[in-house]
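User: Please take a close look at the aromatic ring pairs in this model. After that, relate them to the charged contacts, the ligand surroundings and the confidence of the prediction.

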Amino acid sequence: MRILVTGGAGFIGSHYVRTLLTGGYSAFAGASVTVLDLLTYAGNLANLEPVEGRYDLVHGDICDAELLARVVPGHDVVVNFAAESHVDRSIDGPSAFVRTNVLGTQTLLQACLDAAVPKVVQVSTDEVYGSIDEGSWAEDAPLRPRSPYSAAKAGGDLMARAYAVTHGLPVSITRCGNNYGPYQFPEKVVPLFVTNILEGRTVPLYGDGGNVRDWVHVDDHCRGIQIVAEQGEPGEVYHIAGTAELSNLELTQRLLDELDADWSSVERVTDRKGHDRRYSLDDTKLRGMGYAAGTGFDEGIAATVQWYVDNEAWWKPLKGAR
Ligand code: NAD
């Protein structure tokens, strides 16, 4: 069995590759893995050091149709993690997001269709639905993205749906809440706050701190993706919900507690433009396929903070990297 993981050098893709290659997904035991990654600022081969030498690397772009025509054929499963993923960057420079998240996804889908790949998974986000004050979204909720990042992800998702409906491409879509865990680029809130505090710097808290996110350990996200890779139906969407719904104030308090720091480390900054207030997914469908979160937030966040404490050599060179 051959698995192609696009964006496999990023935070979540590398977790999927490390887990797969260390026997974490029994249905894919013994599979060979190709990682195709553009190695943008967010792509980092150090994320794959634990499985160094056990995968094939293609340094390339999912927008490159000629490259994909050479690489994709022969793979049994393609899982697409490749994306521009940081909302703040999408506000300052949206074109890279449209290019990779929409055009790149479509180029990859076409290559999968041309190569008759039997299973494709498009990894996506709860942010495509916009913002919800109460309750949770089911998979058929309307897409109402509010940032250039989420609009571009929604575009990629709609392309995946179109390839499933129009061509019968066996592509399924996953949508997940906010991930946390080791090897996350230190621009995202959890590693940013932890590493700033470890460096004796302040952390920037947006607006009133009341924005609510549903936190998912990266290992649970990847297990959800794996269930969809094994059982997902063409054109279907599957949610992966978190285990802790927290406001940014509550999250900040948890991180300060873990690091024995206090609110003197927190700097209140002007809110993000168009900042979504709350996300919440209903993942009844995936739980009906055997999914259950395996990492509680208390144990997960403690282990995650400890990982950054122990792995300064990993994050130090990335601080301030563009
Ligand atoms: P990341 O930014 O850490 O990694 C993205 C990876 O994609 C990097 O390795 C980068 O080099 C690669 N990449 C970017 N453009 C590329 C291109 N044109 N061709 C090939 N590779 C390219 O992102 P992440 O947090 O690991 O997210 C992975 C996926 O999961 C994304 O699709 C994201 O939308 C989705 N997602 C993320 C979260 C989260 O909380 N981080 C939550 C839900 C869904």
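Analyst: In this predicted model, the aromatic pairs number 13. One of them is formed by Tyr183 and Trp307, whose ring centres are 4.6 Å apart and whose planes meet at 50°, so the pair is tilted. An angle of 50° is neither under 30 degrees, as stacked rings would need, nor over 60, as edge-to-face rings would need. In the chain, Tyr183 sits in the loop between strand S7 (178–180) and H6, while Trp307 belongs to helix H10 (residues 297–310), so this contact ties together parts that are 124 residues apart in sequence. Tyr183 has a relative accessible area of 13% and is buried; Trp307, at 16% relative accessibility, is buried as well. Trp307 also pairs with Trp314: here the ring centres are 5.4 Å apart and the planes stand at 65°, so the geometry is edge-to-face. The angle of 65° passes the limit because edge-to-face begins over 60 degrees. Trp314 is buried, as is Trp307. Ring pairs join Tyr183, Trp307, Tyr308 and Trp314 into a cluster.

Two other tyrosines have a charged side chain over the ring. Arg89 lies over the face of Tyr41, 3.5 Å from the ring centre. Over the face of Tyr238 lies Lys285, at 4.6 Å from the ring centre.

The charged contacts come next. Side chains of opposite charge can pair when their charged atoms come close. The model has 15 salt bridges. In one of them, Lys316 meets Glu199, with the closest N and O atoms 3.2 Å apart. This pair links distant parts of the chain: Lys316 is in the segment after helix H11 (312–315) and Glu199 in the loop between helix H6 (189–198) and strand S8 (203–206), 117 residues apart. Lys316 is partly exposed at 39% relative accessibility, and Glu199 is partly exposed with a relative accessible area of 27%. Lys316 has another salt bridge, to Glu312, where the closest N and O atoms are 3.9 Å apart; the pair counts because the limit is 4 Å. Glu312 is partly exposed at 40% relative accessibility. Salt bridges with shared partners connect Glu199, Arg201, Glu312 and Lys316 into one network.

A further salt bridge joins the side chains of Asp208 and Arg277, at 3.0 Å from N to O. Asp208 is in the loop between S8 and strand S9 (212–217), and Arg277 is in the loop between strand S12 (266–269) and helix H9 (284–287), so the contact ties together parts that are 69 residues apart in sequence. Both partners are partly exposed: Asp208 has 41% relative accessibility and Arg277 has 34%. The partners described here can be set beside the aromatic cluster: Trp307 and Trp314 are buried, whereas Lys316 is partly exposed.

Around the ligand there are 28 residues, the closest being Ile12, Asp37, Ser85, Tyr149 and Lys153. Some of the polar approaches can be given atom by atom. A polar backbone atom of Ile12 is 2.8 Å from an oxygen atom of the ligand. From Ser85, a polar side-chain atom comes to 2.6 Å from a ligand oxygen. Thr100 also places a polar side-chain atom at 3.0 Å, here from a nitrogen atom of the ligand.

Elsewhere, His221 is part of helix H7 (residues 218–231). At 2% relative accessibility, His221 counts as buried, since the limit is under 20%. Its C-alpha is 9.3 Å from that of Thr174, although His221 and Thr174 are 47 residues apart in sequence.

As to confidence, the mean pLDDT of the chain is 97, and 100% of its residues reach 70 or more. By element, strand S1 (residues 2–6) has the highest mean pLDDT, 99, and S12 the lowest, 94. S12 is also one of the two elements that flank the loop holding Arg277. Where pLDDT is low, the predicted coordinates should not be read in detail.

Definitions and conventions:
Residues are numbered from 1 along each chain as its sequence is written. This is a predicted model: local features need pLDDT of at least 70, side-chain atom pairs count only at pLDDT 80 or more; totals for chains, interfaces and linings use all residues. Side-chain values use heavy atoms; hydrogens and water are left out. Helices (H or I, at least four residues) and strands (E, at least two) are DSSP runs, numbered from the N terminus. Buried means under 20% relative accessible area, exposed over 50%, partly exposed in between (1.4 Å probe, protein chains only). pLDDT is the predictor's confidence in each residue, from 0 to 100. Rings of Phe, Tyr and Trp (its six-membered ring) pair if their centres lie within 6.5 Å; planes under 30 degrees apart count as stacked, over 60 as edge-to-face and the rest as tilted. A charge sits over a ring if NZ of Lys or CZ of Arg is within 6 Å of the ring centre and within 35 degrees of the ring normal. A residue is near a molecule or strand if one of its heavy atoms lies within 4 Å of it. A polar contact is a pair of N or O atoms within 3.5 Å; within protein, one must be able to donate a hydrogen and the other to accept it, and residues adjacent in sequence count only if both atoms are side-chain atoms.
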